[in-house]
Amino acid sequence: MSITTLNISMPETMRAEVEQVVATEGYGNTSEFFRDLVRDYLKERQERRLEKLILEGIESGEPTPFTTDDFAAIRERGIRRIKEKMSK
């Protein structure tokens with residue numbers, strides 16, 4: 001995994017608080033702190049998306065039995081998506 005640099009601007013009071021958190025809460029440096037924040041945000045974002053999809057499924061109507069034809073259709077869609085990605 002390559003590492004890149006991202007510069008951010010913030011008020012001095014916020015910077016001081018970030019430095020205090022880094023010093024007192026076990027972060028090795030400021031970058032580690034911000035990477036942790038971003039990881040947490042991205043995880044929460046994925047969880048919100050999953051919750052939304054689950055709710056859409058629940059609200060989509062009465063459930064139907066999952067058949068071998070359903071599985072075959074899902075498998076075919078997956079294979080098609082992989083082929084499309086590989087051709088790019």
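**Surface, salt bridges and pocket in a predicted model**

I58 is exposed, with a relative accessible area of 59%; the cut-off for that class is over 50%. The structure described here is a predicted model. I58 belongs to helix α2, which covers residues 30–58.

The same residue also takes part in a surface feature. Together with L50, I54 and L55, I58 forms a nonpolar patch on the surface. The accessible area of these residues together is about 400 Å². Residues admitted to such a patch must have over 30% relative accessible area and no salt bridge, a requirement that I58 meets with its 59%.

One member of the patch, I54, offers a link to another helix. The C-alpha atoms of I54 and E19 are separated by 39 Å, and the two residues are 35 residues apart along the chain. E19 is located in helix α1, and its relative accessibility of 39% makes E19 partly exposed, because that class runs between 20% and 50%.

Helix α1, residues 12–24, is also where the charged pairs are found that involve R15, E12 and E19. How many salt bridges are counted in the model? The count comes to two. In one of them, the side chain of R15 meets that of E12, with an N to O distance of 2.2 Å. R15 and E12 are three residues apart in helix α1, which is about one turn of the helix. In the other, R15 meets E19, again with 2.2 Å from N to O. Each of these distances can be set against the criterion of a side-chain nitrogen of Lys or Arg within 4 Å of a carboxyl oxygen of Asp or Glu. R15 and E19 are separated by about one helical turn, because they are four residues apart in helix α1. Salt bridges that share partners thus join E12, R15 and E19 into one network. Is R15, which takes part in these contacts, exposed or partly exposed? At 33% relative accessibility, R15 counts as partly exposed.

A further helix, α3, spans residues 68–87 and contains I74. With a relative accessible area of 42%, I74 is partly exposed. The C-alpha atoms of I74 and T13 are separated by 52 Å, the two residues being 61 residues apart along the chain.

The model also has pockets to consider. The largest pocket has a volume of about 640 Å³. Which residues lie nearest the centre of the largest pocket? They are T4, L6, S31, F34 and R35, out of 16 residues that line the pocket. By character, the lining of the largest pocket divides into eight nonpolar, six polar and two charged residues.

Terms used:
Residues are numbered from 1 along each chain as its sequence is written. This is a predicted model: local features need pLDDT of at least 70, side-chain atom pairs count only at pLDDT 80 or more; totals for chains, interfaces and linings use all residues. Side-chain values use heavy atoms; hydrogens and water are left out. Helices (H or I, at least four residues) and strands (E, at least two) are DSSP runs, numbered from the N terminus. Buried means under 20% relative accessible area, exposed over 50%, partly exposed in between (1.4 Å probe, protein chains only). On a 1 Å grid over the protein atoms alone, a cavity is a set of points where a 1.4 Å probe fits but cannot get out, and a pocket is an open set with protein on both sides within 12 Å along at least five of seven lines; lining residues have an atom within 4 Å of a point. Grid points are joined across faces, edges and corners, and a volume is the space filled by probe spheres set on the points. Ala, Val, Leu, Ile, Met, Phe, Trp, Tyr, Cys and Pro count as nonpolar, Asp, Glu, Lys and Arg as charged, and the others, Gly among them, as polar. Patches are made of residues with over 30% relative accessible area and no salt bridge: like charges are joined within 9 Å, nonpolar side chains (Val, Leu, Ile, Met, Phe, Trp, Tyr) within 5 Å. Accessible areas come from the Shrake-Rupley method with a 1.4 Å probe; for residues, only the protein chains shown count as cover.
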